[in-house]
Amino acid sequence: MPIAATKRDRDADLLGSIAEGDTDAFANLYSDYSKALFGSIYKVIGDRLLAEEILQDTFMKIWMNIHRYDPKKGALYTWMFNIARNLTIDRMRSSEYFKRSVTSTFEQEDEQMDNRLGGEEMHLFTNDILNQLPETQSMVLDLMYFQGFTSEDISKEFAIPLGTVKSRIRGGLIKLRKLYGIL
């Protein structure tokens, strides 16, 4: 019997058992596919802990939706890969991921600058950077990243449409990226 047919048969057996709630079969499925899925997620995210979280979410979704897999529509791995890909994209689009990546970049920059500058000088340095942006962009970036406001908070507090706030944030970050190669 060809190896591919054996793999399909094994997957079919696992799926049947998993659909009946067999956790050992699910552990086998995890063992068979977790490394490949993790590698795909990690390649996109670049953060080991976040990739592990997404992998866990992927397998939870697989467990909860195993009845939705249709072998007529494609291979099991393709179905699982699409779940992992969609969760990865969702996480990258989330404000939490965006804040984490920007905060991480700022923290790295802060750490490097703290080695060269004192606290007061660091504050002046940050202000100098933000002052190179239009006031509307520097204001929202300062409020969001240094004063803890969310984009929704800024919108409500200053009566600015939420879309405008987000556009200003994005525009400011793009300009900082061009000026300093950060973010």
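## A first look at an all-helix model

Of the protein's 183 residues, 33% count as buried. Keep in mind as you look around that this is a predicted model. The secondary structure is quick to describe: there are 9 helices and 0 strands. Below are the cores, one pocket and a few residues to click on.

**The whole chain**

- Reading from the N terminus, the elements go α-α-α-α-α-α-α-α-α.
- Among contacts with a separation of 6 or more, 56% are between residues 24 or more positions apart.
- The accessible surface adds up to about 11800 Å², and carbon and sulfur atoms hold 52% of that.

**Two nonpolar cores**

- The largest nonpolar core has 25 residues, and the ones touching the most other members are Leu29, Ile62, Leu76, Trp79 and Met80.
- Four elements give two or more residues to this core: helix 1 (3–19), helix 2 (23–45), helix 3 (48–65) and helix 4 (76–93).
- Helix 2 supplies the largest share of the core, with 8 residues.
- There is also a second, separate core of 14 residues, with Leu133, Val140, Leu143 and Tyr145 among them.

**The second largest pocket**

- This pocket has a volume of about 190 Å³.
- Its lining is made up of Lys7, Arg8, Asp11, Ala12, Leu15, Tyr33, Tyr69, Pro71, Ala75, Leu76 and Tyr77.
- Helix 1 and helix 4 are the elements that give two or more residues to that lining, and helix 1 gives the most, with 5 residues.
- By type, the lining splits into 8 nonpolar residues, 3 charged ones and no polar ones.

**Leu76, in both core and pocket**

- Leu76 turns up twice in this tour: it is one of the core residues that touch the most other members, and it also lines the second largest pocket.
- Setting aside neighbours within four places in sequence, Leu76 is in contact with Asp11, Leu15, Leu29, Tyr33 and Tyr69.
- Of those partners, Asp11, Leu15, Tyr33 and Tyr69 are listed in the pocket lining too.

**Ile62 and Trp63, side by side in helix 3**

- Ile62 lies in helix 3, and so does Trp63.
- Ile62 counts as buried because its relative accessibility is 0%, whereas Trp63 is partly exposed, with a relative accessible area of 26%.
- Not counting neighbours within four places in sequence, Ile62 is in contact with Phe26, Leu29, Trp79, Met80 and Ile83.
- Take Ile83 as an example: Ile62 and Ile83 are 21 residues apart in sequence, and their C-alpha atoms are 7.7 Å apart.
- With the same neighbours left out, Trp63 is in contact with Ile18, Gly21, Asp22, Thr23 and Phe26.
- Phe26 is therefore a contact that Ile62 and Trp63 share, given that contact means heavy atoms within 4.5 Å.
- Ile18 and Trp63 are 45 residues apart along the chain, and 7.6 Å separates their C-alpha atoms.

**Ser34, a buried serine**

- Ser34 lies in helix 2.
- Its relative accessible area is 9%, so Ser34 is buried, with the cut-off being under 20%.
- Beyond the residues within four places in sequence, Ser34 is in contact with Leu55 and Phe59.

Terms used. Residues numbered from 1 in each chain as written. Predicted model: local features only at pLDDT ≥ 70, side-chain atom pairs only at ≥ 80, totals over all residues. Heavy atoms only, no water. Buried < 20%, exposed > 50% of the residue type's maximum accessible area, 1.4 Å probe, protein only. Areas by Shrake-Rupley, 256 points an atom, 1.4 Å probe, with all protein chains shown as cover. Core = buried A, V, L, I, M, F, W, Y, C linked by side-chain atoms within 4.5 Å. 1 Å grid on protein atoms, 1.4 Å probe; cavity = no way out; pocket = protein on both sides within 12 Å on 5 of 7 lines; lining within 4 Å. Points joined across faces, edges and corners; volume = space filled by probe spheres on them. Nonpolar A, V, L, I, M, F, W, Y, C, P; charged D, E, K, R; others polar.
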